[in-house]
Amino acid sequence: MDQIFEVIIALLLVMAGVFGVVGSFGLIKLNDRMSRLHAPTKATTLGVGGVLLASMAHAAAFEKYISIHELMITLFLFLTAPITANFIAKLHIHRHDTPETLPDPGEDKVWATHNKPEDEVIGPQL
Amino acid sequence: MIETAAVFAFVCFALGLVMNLWKIVSAKDVADRILALDTMFINAIALLVLYGMALGSNIFFEAAMIIAMLGFVSTVAYARFILRGNIIE
Amino acid sequence: MKLLRRIFPHPILTLVLTGTWLLLVNGWSLNSLVFGFGLGVLIPFVTQPYWPQEPRIKSPAKVIAYLALVLYDIVVANITVARIVLFKANAKRHPNWVTIPLDLRTPEAITVLAGTITMTPGTVSADLSDSGHALLVHCLDAPDPAAVRDEIKTRYESRLKEIFE
């Protein structure tokens with residue numbers, strides 16, 4: 001029984017490590033700015049998720065207590081990752097795109113990030 | 001076996017942290033720096049949980065939780081500052 | 001019934017808060033259950049003015065099926081993205097913008113759809129159109145944007161429409 005748990009935990013840890021390092025590697029390797037968003041948001045959620053699952057399994061199998069609060073971090077990350085990604089995407093659109101470089105929004109005339117007063121300068125000029 | 005796997009995971013996440021740090025230094029754009037910082041937070045959470053597991057201690061969970069929350073809030077605050085020029089209107 | 005509604009303005013939020021408290025305590029005891037339930041009653045009651053209307057969920061059974069589908073897709077997404085990052089040269093990749101016209105109207109449903117899109121294979125939701133009639137999605141590798149749009153519409157949006165509207 002312990003053998004099976006050991007194999008499962010080791011597999012989870014190796015998987016988590018691989019996804020974690022791929023997420024950070026993608027940040028360096030991908031060459032256009034919107035694509036760089038993809039690697040960390042996806043790969044690291046499963047990376048951290050794998051570590052947390054392994055930690056839960058480890059506590060249950062070898063330290064003889066049920067530990068479920070790791071689920072909190074996993075849930076928290078799964079809820080917040082899309083929000084951070086969306087914020088950074090809006091940042092890229094705000095700084096580098098004009099309504100002409102994006103596809104047509106259809107029914108509405110403009111994407112929400114571009115809907116701002118005409119001559120007002122928003123944000124620090126970095 | 002678990003020890004070997006844990007060491008492998010330690011090395012992977014530490015390598016990830018180094019790559020993020022390099023990205024923060026070398027990035028040309030503010031948004032890329034914020035993204036690298038966010039990834040650093042996530043890698044730090046993984047390292048902390050791993051360390052707690054390796055020591056068999058429960059105390060690192062709270063630290064990981066706090067880093068998760070701080071990471072989210074600070075990323076959103078940075079992004080909002082660049083977008084709007086202030087954080088709370 | 002009306003009095004019950006007064007005391008529990010958001011019954012689901014009460015349950016979620018109680019569960020969260022039990023997870024934080026990391027153990028089962030009557031004490032923490034009672035305290036968690038107390039928080040679960042107090043917080044929705046105090047924050048009531050900020051949540052004027054309760055989001056409607058038509059069919060709770062489908063929520064679980066949807067969550068299972070999304071979890072499965074997250075695992076697939078990770079493998080797909082890892083493979084693209086590791087083995088595909090930047091020049092051979094086709095990053096692309098995709099516009100998704102929305103049939104969903106409630107803000108909760110659109111939020112869930114945008115979150116799902118960000119977590120699943122090679123897509124990140126970037127922006128919403130001015131009055132919320134379309135979603136701007138960036139694809140990591142999409143030689144055919146129309147196929148991505150159709151897949152998102154049939155796989156996620158139709159299911160969310162059944163759940164929320």
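## Working through a predicted three-chain model

Chain C carries 6 helices and 3 strands. Keep in mind that this is a predicted model. Here are some exercises to try with the structure open.

### Exercise 1: the layout of chain C

Trace chain C along its sequence, then decide whether it is compact or spread out.

*Solution.*
- Start with the order of elements: the pattern reads α-α-α-α-β-α-β-β-α.
- Next, look at the radius of gyration. It is 20 Å for chain C, well over the 15 Å that the globule rule gives for 165 residues, so the chain is more spread out than a compact globule.
- Now for the dimensions: the C-alpha trace of chain C spans about 60 × 35 × 25 Å along its principal axes.
- Burial comes next, and 29% of the 165 residues in chain C are buried.
- Finally, take the contacts in chain C between residues at least 6 apart in sequence: 68% of these join residues at least 24 apart.

### Exercise 2: the sheet and its helices

Work out the strand order of the sheet in chain C, and find which helices pack on it.

*Solution.*
- The 3 strands make an open sheet, ordered S1-S3-S2 in chain C, with antiparallel pairing.
- Its edges are S1 (96-101) and S2 (123-128) of chain C, each of which pairs on one side only.
- Neighbouring strands are turned against each other by 30 degrees on average, ignoring direction.
- Zoom in on one pair: S2(C) and S3(C) (residues 134-139) run antiparallel and are joined by 5 bridges. Within that pair, C:Ser125 sits opposite C:Val137 of S3(C).
- Now add helix H5 (residues 107-119) of chain C, which packs on the sheet and touches S2 and S3 of chain C. The direction of H5 makes about 145 degrees with that of S2(C).
- Helix H6 (residues 145-164) of chain C packs on the sheet too, touching S1, S2 and S3 of chain C. The direction of H6 makes about 40 degrees with that of S1(C).

### Exercise 3: one alanine

Is C:Ala65 buried, exposed or partly exposed?

*Solution.*
- Find the residue first: C:Ala65 belongs to helix H4 (residues 60-87) of chain C.
- Count its neighbours: 13 other C-beta atoms lie within 10 Å of C:Ala65.
- Compare that with the cut-offs: 20 or more would make a residue buried, and 12 or fewer would make it exposed. C:Ala65 therefore comes out as partly exposed.
- As an extra check on distance, C:Leu42 is 23 residues from C:Ala65 along the chain, and their C-alpha atoms are separated by 31 Å.

### Exercise 4: chain A by itself

Describe the secondary structure and the dimensions of chain A.

*Solution.*
- Chain A has 3 helices and 0 strands, giving the pattern α-α-α along the sequence.
- Its radius of gyration is 21 Å, whereas a compact globule of 126 residues would have one near 14 Å.
- The C-alpha trace of chain A spans about 65 × 30 × 30 Å along its principal axes.
- As for burial, 49% of the 126 residues in chain A are buried.
- For contacts in chain A between residues at least 6 apart in sequence, 55% join residues at least 24 apart.

### Exercise 5: who touches whom?

Which pair of chains has the most contacts?

*Solution.*
- There are 2 pairs of chains that touch, and the most contacts are between chains A and B.
- That contact takes 46 residues from chain A and 42 residues from chain B. On the chain A side, helices H1 (2-29), H2 (38-62) and H3 (70-96) each supply at least two residues, and H1(A) has the largest share with 15 residues. The chain A residues here divide into 26 nonpolar, 14 polar and 6 charged.
- Turn to chains A and C: 42 residues come from chain A and 34 residues from chain C. On this side of chain A, H3(A) gives the most, with 9 residues. The split is 23 nonpolar, 11 polar and 8 charged.
- Chains B and C share no contact, and their closest C-alpha atoms lie 9 Å apart.

### Exercise 6: the nonpolar core

Which residues have the most contacts inside the largest nonpolar core?

*Solution.*
- The largest nonpolar core has 88 residues, and those with the most contacts inside it are A:Val51, A:Ile88, B:Ile45 and B:Ala46.
- Helix H2 (residues 30-55) of chain B brings the largest share of this core, 15 residues.
- Follow A:Ile88 outward: leaving out residues up to four places away in sequence, A:Ile88 touches A:Leu37, B:Ala31, B:Ile34, B:Leu35 and B:Ala79.

Methods
Residues are numbered from 1 along each chain as its sequence is written. Chains are lettered from A and ligands numbered from 1 in the order in which they are written. This is a predicted model: local features need pLDDT of at least 70, side-chain atom pairs count only at pLDDT 80 or more; totals for chains, interfaces and linings use all residues. Two residues are in contact if their C-beta atoms, placed from the backbone, lie within 7 Å. Helices (H or I, at least four residues) and strands (E, at least two) are DSSP runs, numbered from the N terminus. Ala, Val, Leu, Ile, Met, Phe, Trp, Tyr, Cys and Pro count as nonpolar, Asp, Glu, Lys and Arg as charged, and the others, Gly among them, as polar. The radius of gyration is taken over C-alpha atoms; the globule rule is 2.2 Å times the number of residues to the power 0.38. A nonpolar core is a set of buried Ala, Val, Leu, Ile, Met, Phe, Trp, Tyr and Cys residues joined through C-beta atoms within 7 Å. Two strands pair if DSSP finds at least two bridges between them. Axes are lines fitted to C-alpha atoms, for helices over the stretch in contact, and angles run from 0 to 180 degrees between N-to-C directions.
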